[in-house]
Amino acid sequence: MNKAKTLKRRLGNPKPFLSVAWDTNDIPDPVCINPNLKWRDINWKKVEKFVFKLQKLIYRASSRGEIRKMRKYQRLLTKSYYARLLAVRRVTQDNQGKKTAGIDGIKNLPSMQRFNLVSLLNSRYLKASPTRRVWIPKPGKDEKRPLGIPTMYDRALQALVKLGMEPEWEAHFEPNSYGFRPGRSTYDAIEAIHISINHKPKYVLDADISKCFDRINHDALLGKIGQSPYRRLIKQWLKSGVFDNKQFSNTVGGTPQSGVISPLLANIALHGMEKCLNQLAESLPGRKRDNKTALSLIRYADDFVILHKDIKVVLQAKAVIQEWLNQVGLELKPEKTKIVHTLEEYEGNKPGFDFLGFTIRQFKVKSTEQGFKTLIKPSSKSIKTHYRKLADMCDKLKTSTTKALIAKLNPVIRGWANYFSTVVSKEIFSKMNMLLLKRLWGWASRRHPKKSAEWVKDKYFPRCKETRNWVLNDGEYILNLHSDVPIIRHIKVKGVKSPYDGDWTYWSSRIGKHPGVRKEVTMLLKRQKNKCAFCGLTFSPSDLMEVDHIKPRSKGGDNTYKNKQLLHRHCHDTKTAFQ
């Protein structure tokens, strides 16, 4: 704990900090003292371009097997002043959990302390501090998930290491790995499953790894990392221990959940599963190429499925994968691992399976050439959880205004509908609209027990825009409907493509078409040609974007598209600070 107090003191004392001559074209070094420089005055466009250039060089060297050159670029990036600035910005501004403190008690940093942290990252690295254990409930369960919250210094250092380490591994990660990777999402995993079963029904090993983040073998993980410049730091983070209710305990396995670098380390630990199955496919009778195509593994983080038309091959794959997982200290979770068939009942299990909130199933249809049809829909569990959340909001806000209720419901409705907007969801969206309408009618009627139904309808559900009826609104604010979200098929990411390959034409075109992007954002992206209106940089797949009012509404600005622009989250913070 003394280490945490020392770190807090070093960050908290406003001392003269080192900065850089921003008008030079040379590689930046902290060579001059500029006490007047403010965080918002930094040329972030130049910072991001410099860092991405080095990341692209790391990616190319790694993909070509040029290890010495790759290590050289990684050391250059880690020592770079620009990279340290970007790492600090990501953990203090961009991070969603930036207000959660570790054992140092630091939740966020003002401008001066951010510069102190940047300078601290350039000094001799401090020994990793223990993480703070926080328990959060699992959705729909009585169990709790343990999170390990690092100190602010460790977060920034992990972000810096990730800047240099992620491009190296993105060049080697397997094509059907989709979790916690830039430019990839759950939609790509679902589309990969659809492509695998669309022409032929298959048996499916629907598997889940038991306590993946908590049980990864440290020696196996460090063995995969090899002689990386970051090996010593990663080993420290893995062995740093945790504080839970002021009680210290050592960590003998796993990676700390909630750490900046933890998802990347988990992907490294699980890297090689697809290669292991390819070796099994090569040993099967028949053409090797056809066997590799027929046997598929699609993985999203610690959830994965294995698909093949022959049940014997699926059983072999299960044994091979279990043996491979044992090498990294992991095992399959028996209660969540089962074998099913996409079309027919198998050993008492109903056809189809649930994956990432979707239900994938095939139905026999004689009218088609194939004799079956593939349907992917929201799972019944997802539907029930979503409706329960909407109902609870209506109950908690039974005395609130219509505007307040709409403000709470709209983001939840949009988010859920956007997530399932790439599959067969039209009927389910209509059903959710009907269930929500019944709930809202009860909410409105309860407020005026002595009024007639016609009066309640005119007050809370007046016809709006001459086209919509029975929609909750107060004349200005209108409730979003699930069916307002269009159903658009997602296009899966190409093979081993990565944002670090520098193909901005490909990646910028995908951002606006991402299912999770609202129509408002898509229109602004098109108008701004996929560039931030503040810094002028092209949005990358991992960037956090926010809609900003050009003229603030507090100063008389309206809520039309003409008065809106799309900014990076950090650019939005900077613009707001100037106003």
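Is Asn 267 buried or exposed, and what is its relative accessible area? In this predicted model, Asn 267 is buried, with a relative accessible area of 2%. The residue is found in helix α11. Leaving aside neighbours within four places in sequence, Asn 267 is in contact with Phe 173, Ser 177, Gly 179, Phe 180, Arg 181 and Arg 299.

**Overall architecture**

The protein chain contains 21 helices and 15 strands. Of its 579 residues, 51% count as buried. Among the contacts in the chain with a separation of 6 or more, 68% are accounted for by residues 24 or more positions apart.

**Cavities**

Asn 267 also belongs to the lining of the largest cavity. A search of the whole structure finds 2 cavities of 30 Å³ or more, and about 40 Å³ of space lies in the largest cavity. Its lining consists of Phe 180, Cys 212, Phe 213, Pro 263, Ala 266, Asn 267, Leu 270, Arg 299, Ala 301 and Asp 302. Two helices, α8 (212-215) and α11 (262-270), each supply at least two residues of this lining. The largest share, 4 residues, comes from α11. Two of the lining residues, Phe 180 and Arg 299, are also among the contacts of Asn 267.

**Nonpolar cores**

The largest nonpolar core has 84 residues, and those with the most contacts inside it are Leu 85, Met 165, Ile 234, Ile 268, Phe 304 and Ile 306. Helix α6 (residues 152-170) provides the largest share of this core, 10 residues. A second, separate core of 31 residues includes Leu 307, Ile 360, Met 432 and Trp 507.

Which residues does Ile 268 touch, not counting residues up to four places away in sequence? Its contacts are Met 165, Trp 169, Phe 173, Leu 221, Lys 224 and Ile 225. The last of these, Ile 225, has its place in helix α9 and counts as buried at 3% relative accessibility. With neighbours within four places in sequence left aside, Ile 225 is in contact with Arg 71, Met 165, Trp 169, Ile 234, Leu 265 and Ile 268. Ile 225 and Met 165 are 60 residues apart in sequence, and their C-alpha atoms are 9.8 Å apart in space.

Helix α10 (residues 231-238) contributes further buried positions, namely Leu 233, Ile 234, Gln 236, Trp 237 and Leu 238. The buried residues of α10 pack against α6, α9 (218-225) and α11. One of these buried residues, Ile 234, is also listed with the most contacts inside the largest core.

**Two open sheets**

The table sets out two open sheets of the model.

| Strand order | Number of strands | Pairing |
|---|---|---|
| β11-β12-β13 | 3 strands | antiparallel |
| β4-β3-β6-β7 | 4 strands | mixed |

In the sheet with the order β11-β12-β13, β11 (353-355) and β13 stand at the edges, each with a single partner strand, so one side of each is left without a neighbour in the sheet. Neighbouring strands of this sheet are turned by 25° against each other on average, direction ignored. Strand β12 (residues 358-364) is joined to β13 by 7 bridges, and the two run antiparallel. Within this pairing, Arg 361 has Leu 375 of β13 as its bridge partner, while Thr 359 stands opposite Lys 377 in β13.

Why is strand β13 (residues 372-378) described as largely enclosed by the rest of the structure? The reason is that 5 of its 7 residues are buried, although β13 has a single partner strand in the sheet.

The sheet with the order β4-β3-β6-β7 has mixed pairing. Its edge strands are β4 (144-149) and β7 (247-249), each of which pairs on one side only. Neighbouring strands of this sheet are turned by 40° against each other on average, direction ignored. Strand β3 (residues 131-137) runs antiparallel to β4, with 6 bridges joining the two. In β4, Leu 147 is the bridge partner of Val 134.

Key: Residues are numbered from 1 along each chain as its sequence is written. This is a predicted model: local features need pLDDT of at least 70, side-chain atom pairs count only at pLDDT 80 or more; totals for chains, interfaces and linings use all residues. Side-chain values use heavy atoms; hydrogens and water are left out. A nonpolar core is a set of buried Ala, Val, Leu, Ile, Met, Phe, Trp, Tyr and Cys residues joined through side-chain atoms within 4.5 Å. Buried means under 20% relative accessible area, exposed over 50%, partly exposed in between (1.4 Å probe, protein chains only). Contact means heavy atoms within 4.5 Å. Two strands pair if DSSP finds at least two bridges between them. Axes are lines fitted to C-alpha atoms, for helices over the stretch in contact, and angles run from 0 to 180 degrees between N-to-C directions. On a 1 Å grid over the protein atoms alone, a cavity is a set of points where a 1.4 Å probe fits but cannot get out, and a pocket is an open set with protein on both sides within 12 Å along at least five of seven lines; lining residues have an atom within 4 Å of a point. Grid points are joined across faces, edges and corners, and a volume is the space filled by probe spheres set on the points.
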